[in-house]
Structure formats: C-alpha cells, structure tokens
Amino acid sequence: MVVLRAGLCPGLTEEMIQVLRANGVRTVVDFVSSDLEDVSQKCSLSYKALVAVRRVLLAQFSAFPANGADLYEELKSSTAILPTRSPSLDQLLDSGLYTGEVTELMGAPGSGKTQVCLSIAASVSLGLKQHVLFLDSTGGFTASRLYQMLQAQAEDEEEQLEALQRIQVARVFDVYEMLSALQEVRDRLSQQAVSCTGPLKTVLIDSVSAVIHPLLGGRQSEGLAIMMQLARELKMLAKEFSLAVVVTNQVTRDSSTGLLKPALGRSWSFVPSTRVLLESKGAPWEEVTTRRSASLAKSPRQPTGMQVELDIGNSDVQEPSPATPTEGL
Amino acid sequence: MQRAVGSLPLGPALRARLAAAGFQTAQELLDTGPCGLSREIGISKEEALEALQVVRQECSGDAARTAGGAGTTRKCTALELLEEEQAQGFIITFCSALDNILGGGVQLTKITEVCGAPGVGKTQLCMQLAVDVQIPECFGGVCGEAVFIDTEGSFMVDRVADIAAACVQHCQLIAETHQEEDHQKALETFSLESILSHIYYFRCRDYIELLAQVYLLPDFLSEHSKVRLVVIDGIAFPFRHDFEDLSLRTRLLNGLAQQLIIIANDHKSAVVLTNQMTTRIGQSQSTLVPALGESWGHAATVRLIFHWDKSQRLATLYKSPSQKESTIPYTITPHGFRDVQPPAVTQNTESTEMNPRKRPRREEEK
C-alpha cells in the first residue's frame, strides 16, 4: 500500500496529489483501480495525463508473470545442496540442505538440536569451506564442543582454526535484536561486501522459539505479527540470496491429547519447507544414551514418516555403526 | 535503511497506524520528519519525535554494524569464542565427580538448572556454590561474589558459615603444603567474615517480586561488577501455587529465561536455578519429571537431576551442550557438598579439581 507522493513518476505533481487526496484517492492501489474518467471529471484533471501516470505506476509496482521454464533454469543455476556429512541425515533431507529453503529441527530438551546444528556448521565450514552465520538465542553454543567436532573430522590444526574463523556467532536474545542481525546480513549481502562474510551460504538459528515464545499467547496479536515478520525475513533471505536457513524449534505438550507438538503454533508450521523431529530413544534419565531418532514430519520431496537413527556421540553426529537406518511409514 | 516498519520496536497501535498510512520502510519514516509524521498519522508531535528517535537509533545501530564497527552486538567468530571459553574459569563444587561430568564445574555465562525431590540436596549445592565462587584465583576459583535470591526461605546462615569455615580450612591446608606468597596474601582476605559479606541475599515472596528482582538485577550487577554467580533457589515455588492462567505462566517463565540468559552473558556470571519435581501419570506407570512444564525445559542450558537410589544420592547430567549424559553419586557432609568417600581411605582426602589454567598440583595427605 504505497502512498502517492510527488516524484513517484513524472507527471505526478504535488497539486495533483492534493486534489486526488481531497477526493479520496490516497494510495497507488486506489489510483489504479478507480475509474479514470470519473476521477478526471471530479478533480478537473486531464484524462490523458491520468492515463499516462497510471501506465507508469503499473509498470513500476505490478509483478510480472514469469515463464515456468525460465523459473526452472533459474532454480537449477542458483540452488545448491549442502551435504551435512552424516549419511543418514542426508538421506532424510534428500541428499542435504537445500539453499533457498528454510529447514526446521524440533525436539524436546536434550534431544540433540544444538548438537546437530553444531555439526552442520562444522561440516559446511570445514568440508565446503564456506562461511556460516550462527545466531544463538539460548546460550547453548559451546565453542569447545565445536572444536571437538572439527578435530574429529580433520587432522590438520591449521584447517581446524581456519574453519573456526569462518563461523560467525552472534548472540541475540531478543526478537528485535534477531531482526536487526538478519537485516544486517541482508545489507551486507546486497552490498556484496566480501571482507568479513565471504561466500555466506548457511544461516543457523538456535532457537527461534526462545525469542518468540514470550510474546505469543494471551489476547494480544502482537506476538503473531512479529513472528510473521521474522518468517518473512527468513524466507526472503533464503530465496533472494540462495542461503540455506536452518532453525530449531521447541516442542510443547498438547493440553487435550497429551502428545508433544511443535511450539509456535499453526502459523509457523507453514514457514519451513522441511521439518525434522528429533527424539531420544529410551526413557528420560534412567538409561543414558547418545542415540537419537530423527523423523521427517514435513518435506516437499520425501515421504513423511521416514525415520533414521543418529548418534550424537563424542566425536560427531553420525549414524550408529551396527544398525541400519530404519524406514517407517 | 531498507528496514521494514514491522520489524522496528514500536508499540502495536503506532505500528498499525503506520501500516494503514502506507509507510513501508524505515527510510520513508526518516524522510518524512516529525511534523509530517504527526500530520499523516494523527499523533502528537512529541510521540512522533519519540518514534523517530527509536527508528534512528535502530538504523544507526545497523549502519555501525554493517560498516564493521563494534556496536552493541555480541558478534564474533567461533575462534574468538573458543579462546574466551578456554580462558574462562569454572565454579568448582568440591565434589570432583560432579565437576568431572560438568566438564570442570559450573560454567560461567550459562544457565544451570538443578532439579530434585525434596531433601535431596539442591539448596545445599546452592550454598556450597555461593561459597565456592569466592575462592581466590590462586587456589583455582574465580574470585567473585554471589547473589542469592531465595523464594522458599531455606537459606540457613549458620549452615553457610559451616560450609565457609570448611572451605577456608581447606585452602589453609593447601597453602601450608605449598608455601607460596600469593597463597598467603590471598588467605588474608579469604576469611569467614569476607565470604559471608560477599553473598548478597534477596528474599522474594511471590512471583511478582521475583520478576521485579530479576528485572532490577542488571543495574545491581553493573554496580557490583565482581558478581560471578546468581542463584535463584526455588524458581518453581512462586509459579506453582496460586496461578490460574497457565499460558500466562508459560509466557512469564519464557520471558524470565531470556532475561536470565542476557544477565549471564553480559556480566559473565553463572546462573543456577533450582526446580521441583512433579509426577507425570502415564498409561502404565507414573514418572517423576521436572516441574513447570515442557517449555521450561528449554530455558536452561545445562540440566542436572538429583535423585535417590535407596539411600544413595545420585546426580545425573541430563542436558548439556558439551558433555555426555552420566550419573555419579555424591554425599552431603557437615562440611558441605562432597564426593562419596571410598570406604578404606584416611580422612581429609577431598581431591578438588584444580583449574586447568594452573599447573597441576598434587595434594599431599596430612
């Protein structure tokens, strides 16, 4: 809803705007959808001038339809698939993280979401030599654990230190700070400042529900508005700059059925294109285990319900050695 | 600045009016100026001026960060964070098994939650940590002060005095076995009176007082910059009784958690919370789970669960970003929180985990 302003296009002068406003035409939408003959009579403006202005406004503000074949070519050239170095997780995600999409990891506390995020950061930085941005909102980012993972994957200390330098960590504990951080990424990428970011391909956010959950609920729709703003920022970043965005989400208990469901509600469930649920095998703290099961809850490419096993063990996120990944539907 | 108006920290009514008037980016707002803004939306000039100041602050913050300036963001590379973490100390608990599974002790800049049934030793651990945070650096401590927020009224000063006296005695023994100057100097200031005077005690009776105290804490901490530990003993108690609206409780708890993590991060201190246990009734059996619901489980970075096994107290590390899950036994003695002693050994062999920064010292038995 853009307001008509002088200088939006040649031929739109201040007096014209005042006269139009007096007759109830304030925004571009009002102008373009009104009957121009009517308007020219009421405002005593020249019909030809109005038609010319409308043509320019339409050219400026309307979206152009694109050819499906062109879209496909563009997708082929701009999308990349980032492997996560864990074969079972790659199998679940259809060979890796797709750029241009938002992927979500959800799970109960202690189910391994931060570990999987750290291992993705380590593999992208070390294996693909690309920059990673990690937005930490829970304080769970431990650099020593990341270093442990890098040490397991590469022998050379130089490589490990370089990989550490390619991972940028920003601690944002408030939703506005998170929005500023994302805005900053957008500014830097659009200016193509190569100095500190380098080829940024992955943005990891751990976790997005920690900053939004305090705002949701009650009778205020404020939280929902901010959540959708954040969703829009993430999707724009992913699509415009071909980034792979990974977010983590919490689970809450459904009051009526008693089952676990992802936090942030229905509106958020439309934002990520792929959703992976992490669960720990075995009862709470009676048996200690590092095995987790990851199941696909939503995916545009794979059948949902696929399940694999992960071991967030001492060195790496890897599939457990003797067992084969199980598929369940 | 192409920052969308919806993402600026303005009030909801103001935001709705801006959207209705057709403003989309922050730059448009700044271009219009306060008089034009107040005319277009229909708010007073003072309100327009305030709103523009907020917008300008946000945008200048963005610009500073884009240009590579420091700003107020906590942004750095993983390598710098690693160096920071390795230089950071831990708060030891005097129970070496527990320190081992925690990776050296209670970590600074993280929230640690201790859950357990009544009487298992949560408040004892809190009191032990309030004393241990003050151990001077030459003995392997972080030499800080402590803030103790009590909601249940279980803080017993004479017990803390006993724990402190045992800790001072322990350090004196170390100083006698390794004759070094800095030990003697540190011991002069490390006495029972100084320990007790550096524990700042707050008593909160209901959840409103607790929330207010936590929101006032940053100011307190900037005045007392040596504080390295904030203990909230009994975070479940004010939120469990007398609360009808459960969704409000979840929102308040999540907001509290974010506030605490900001405090932990900005002031480089450890935050320790204690939680109660509740019963979850399942189909065939019922289990004890930590109270305050599922979403509270995400608030703490490290979670310890204390439980009984017949007459032995056990501690399980349930959630940690860097350590494996494991269970160890511990015990509570008149001196405080300690390891379980193996039966055939002489007295006075508490082996504390020395700080890895210092060169390893072997404690000789007396």
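# Exercises on a predicted two-chain model

The lining of the largest cavity divides into six nonpolar, nine polar and no charged residues. Here Ala, Val, Leu, Ile, Met, Phe, Trp, Tyr, Cys and Pro count as nonpolar, Asp, Glu, Lys and Arg as charged, and the others, Gly among them, as polar.

The model is predicted: local features need pLDDT of at least 70, side-chain atom pairs count only at pLDDT 80 or more, and totals for chains, interfaces and linings use all residues. Residues are numbered from 1 along each chain as its sequence is written, chains are lettered from A in the order in which they are written, and side-chain values use heavy atoms, with hydrogens and water left out.

**Exercise 1.** Find which elements give two or more residues to the lining of the largest cavity.

*Solution.*
- Step 1. A cavity is a set of points on a 1 Å grid over the protein atoms alone where a 1.4 Å probe fits but cannot get out; lining residues have an atom within 4 Å of a point.
- Step 2. The whole structure holds seven cavities of 30 Å³ or more, and the largest has about 110 Å³ of space.
- Step 3. Its lining has 15 residues; Ala210(A), Ala257(B), Gln258(B), His298(B) and Ala299(B) lie nearest the centre.
- Step 4. The elements asked for are α11 (208–212) of chain A and α12 (246–266) of chain B. Helices here are DSSP runs (H or I) of at least four residues, and strands are runs (E) of at least two, numbered from the N terminus.
- Step 5. The largest share, four residues, comes from α12(B).

**Exercise 2.** Explain why Cys171(B) forms no bond with the closest cysteine sulfur.

*Solution.*
- Step 1. A disulfide is a pair of cysteine sulfur atoms within 2.5 Å.
- Step 2. The closest cysteine sulfur to that of Cys171(B) belongs to Cys167(B), and at 4.6 Å it is too far for a bond.
- Step 3. By this rule the count over all chains is zero disulfides. Cys115(B) is likewise in none; the nearest cysteine sulfur, in Cys126(B), is 11 Å away.

**Exercise 3.** Decide whether Cys115(B) is buried or exposed, and do the same for Val56(A).

*Solution.*
- Step 1. Buried means under 20% relative accessible area, exposed over 50%, and partly exposed in between (1.4 Å probe, protein chains only).
- Step 2. Cys115(B) has a relative accessible area of 0%, so this residue is buried.
- Step 3. Val56(A), in helix α4 (residues 47–61) of chain A, has 32% relative accessibility and therefore counts as partly exposed.

Definitions and conventions:
On a 1 Å grid over the protein atoms alone, a cavity is a set of points where a 1.4 Å probe fits but cannot get out, and a pocket is an open set with protein on both sides within 12 Å along at least five of seven lines; lining residues have an atom within 4 Å of a point. Grid points are joined across faces, edges and corners, and a volume is the space filled by probe spheres set on the points.
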